[in-house]
Amino acid sequence: MSESLATFTLEKAHFLQFSANVEQALQREGNKLRPSVEVNTRQGKSAQVVNFIRSTSFTVRNTIAQPTQITQTQVSQRWVKPTTYNTTQLVDDLDTMRMLWNPTSGITQSIVKALQREEDNIIMNSFYADAMVGQNGLETVSFPSSNVIAFDGGSGLVGTDQKMTVNKLKRAKTQMQMLNVDVDDSNLYMAITAEQEADLMGEVAVTSNNYNNGKPLVDGKMSYFYGINLIKINNIIPSRTATTEIVSGTTNSTGTVLQCPMWTADAIDYSIWEAPKLRVDPRPDLSYAQQIFCEFTAGATRKYEEKVMAVEAAIS
């Protein structure tokens, strides 16, 4: 009797290979934002405390045998909350199930891409979200409006100056420095779309060694500029509605302004409670289609307000 979905059984070795393929693809390809933040593993099922030290200082000793002066080190904490995410796919094609263990399987690639997008979403949403603080995480700290580099410069700039510009990147880095962030000793990152990349490439300064530390454009793409690692990512950067004037003299009362985050590597905590787990089960109630289920639990929070900037760029 020929094999059918109703009689198909996924061998354990093939399931283990399928799981390994997904895990290896995630490690090999990764997502866009995870390499640019701190990643930690958490235990339990509830929100966890993220402790971090802000700064300390020295005191002057004026005399011999001077009494010891205790310097109070500032320790801060944030809470990071776990959320469980899952995806379920039904496969009713026998040939697809037979090839599930193959690394090039379309199902494998589909799950890997979905995991990458979801992790990017979790991290992106943490840049500007209220951070949970306090003894029990019941208080919140909002993202400061002073850390927003306005699309119009806050002074009515119009035309292409409302888009992404080199000057806005300078202002964002200057704001960090004014908040005592050592940008020279930090890995700086910024998320942009293809449109902001094109805006920056349109400025002469982009090709100057004074800004790119001698790192040329590779295949016409920008990955580093003005001491900032540029991460090109589309569709998930937060936006707001505002009256824009990209073309001088033509206003748009419902214009779209992207809020591109700039941050240091230690500004965001991405925590994983449960790594992606897979299941493959038959569904007798659906003509024995095979159900492929994947689930993981994670969360993210902003640790430092001063180490995250929102650089605005009008796109319409």
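Here are some questions and answers about this predicted model.

Me: Happy to start with the overview: how many helices and strands does the chain have?
Reply: The chain runs to 316 residues, and 41% of them count as buried. As for its regular elements, the chain has 6 helices and 15 strands.

Me: Among contacts between residues at least 6 apart in sequence, what share joins residues at least 24 apart?
Reply: One example of a pair distant in sequence is Gly 227 and Asn 187, which are 40 residues apart along the chain and 8.3 Å apart in space, C-alpha to C-alpha. For the chain, counting contacts between residues at least 6 apart in sequence, the share that joins residues at least 24 apart is 76%.

Me: Where is Gly 227, and is Gly 227 buried or partly exposed?
Reply: Gly 227 sits in the loop between strand E9 (224-225) and strand E10 (228-232). Its relative accessibility is 22%, and buried would need a value under 20%. Gly 227 therefore counts as partly exposed.

Me: Let's turn to charges. How many salt bridges does the structure hold?
Reply: Side chains of opposite charge can pair when their charged atoms come close. One such pair here is Arg 302 with Glu 305, whose closest N and O atoms are 2.7 Å apart. In the structure, the number of salt bridges is 11.

Me: Which residue does Glu 119 meet in a salt bridge, and how far apart in sequence are the parts they tie together?
Reply: The side chain of Glu 119 pairs with that of Arg 34, at 3.0 Å from N to O. Glu 119 belongs to helix H3 (residues 106-126), while Arg 34 is in the loop between helix H1 (12-29) and strand E1 (38-41), so the parts tied together by Arg 34 and Glu 119 are separated in sequence by 85 residues.

Me: Which of these two partners is buried, and which is partly exposed?
Reply: Glu 119 has a relative accessible area of 11%, so it is buried. Arg 34 has a relative accessibility of 31%, so Arg 34 is partly exposed.

Me: Which elements does the salt bridge of Arg 240 and Glu 312 tie together?
Reply: The closest N and O atoms of Arg 240 and Glu 312 are 2.7 Å apart. The pair spans parts 72 residues apart in sequence, because Arg 240 lies in strand E11 (residues 239-247) and Glu 312 in strand E15 (residues 308-314). As for exposure, Arg 240 is partly exposed at 33%, whereas Glu 312 is buried at 1%. The elements tied together are E11 and E15.

Me: Which residues are linked with Arg 302 in a network of salt bridges?
Reply: Arg 302 is buried, with a relative accessible area of 0%. Glu 305, its partner in a salt bridge, is buried too, at 12% relative accessibility. The residues linked with Arg 302 in the network are Arg 78 and Glu 305.

Me: On to helix packing. How do H1 and H3 cross, and with which hand?
Reply: Two packed helices are described by the angle between their axes and the distance between the axes. For H1 and H3, the axes come within 10 Å and cross at roughly 45°. That angle makes H1 oblique to H3, and the crossing is right-handed.

Me: How many nonpolar, polar and charged residues make up the contact of H1 with H3?
Reply: From H1, the residues in contact include Phe 18, Val 22 and Leu 26, and those they meet in H3 include Ile 107, Ile 111 and Leu 115. The residues of this contact divide into 8 nonpolar, 4 polar and 2 charged.

Me: Is Asn 21 buried or exposed, and which residues does Asn 21 contact beyond its neighbours within four places in sequence?
Reply: Asn 21 is in helix H1. Its relative accessibility is 5%, so Asn 21 counts as buried. Beyond those neighbours, the residues in contact with Asn 21 are Trp 101, Asn 102, Pro 103 and Thr 108.

Me: Last one, on backbone angles: what is phi near in Asn 180 and in Ser 287?
Reply: Asn 180 is in the loop between helix H4 (166-178) and strand E8 (188-192) and is exposed at 72%. Ser 287 is in the loop between strand E13 (268-283) and strand E14 (289-302) and is exposed at 65%. Each has a positive phi in a residue other than glycine: for Asn 180 phi is near 70°, and for Ser 287 phi is near 55°.

How values were computed:
Residues numbered from 1 in each chain as written. Predicted model: local features only at pLDDT ≥ 70, side-chain atom pairs only at ≥ 80, totals over all residues. Heavy atoms only, no water. Salt bridge = Lys/Arg side-chain N within 4 Å of Asp/Glu carboxyl O. Helix = DSSP H or I, 4+ residues; strand = E, 2+ residues; numbered from the N terminus. Buried < 20%, exposed > 50% of the residue type's maximum accessible area, 1.4 Å probe, protein only. Axes fitted to C-alpha atoms, helices over the stretch in contact; angles between N-to-C directions. Parallel < 35°, antiparallel > 145°, perpendicular 65-115°, else oblique. Left-handed = near helix turned anticlockwise from the far one by under 90°. Contact = heavy atoms within 4.5 Å. Nonpolar A, V, L, I, M, F, W, Y, C, P; charged D, E, K, R; others polar.
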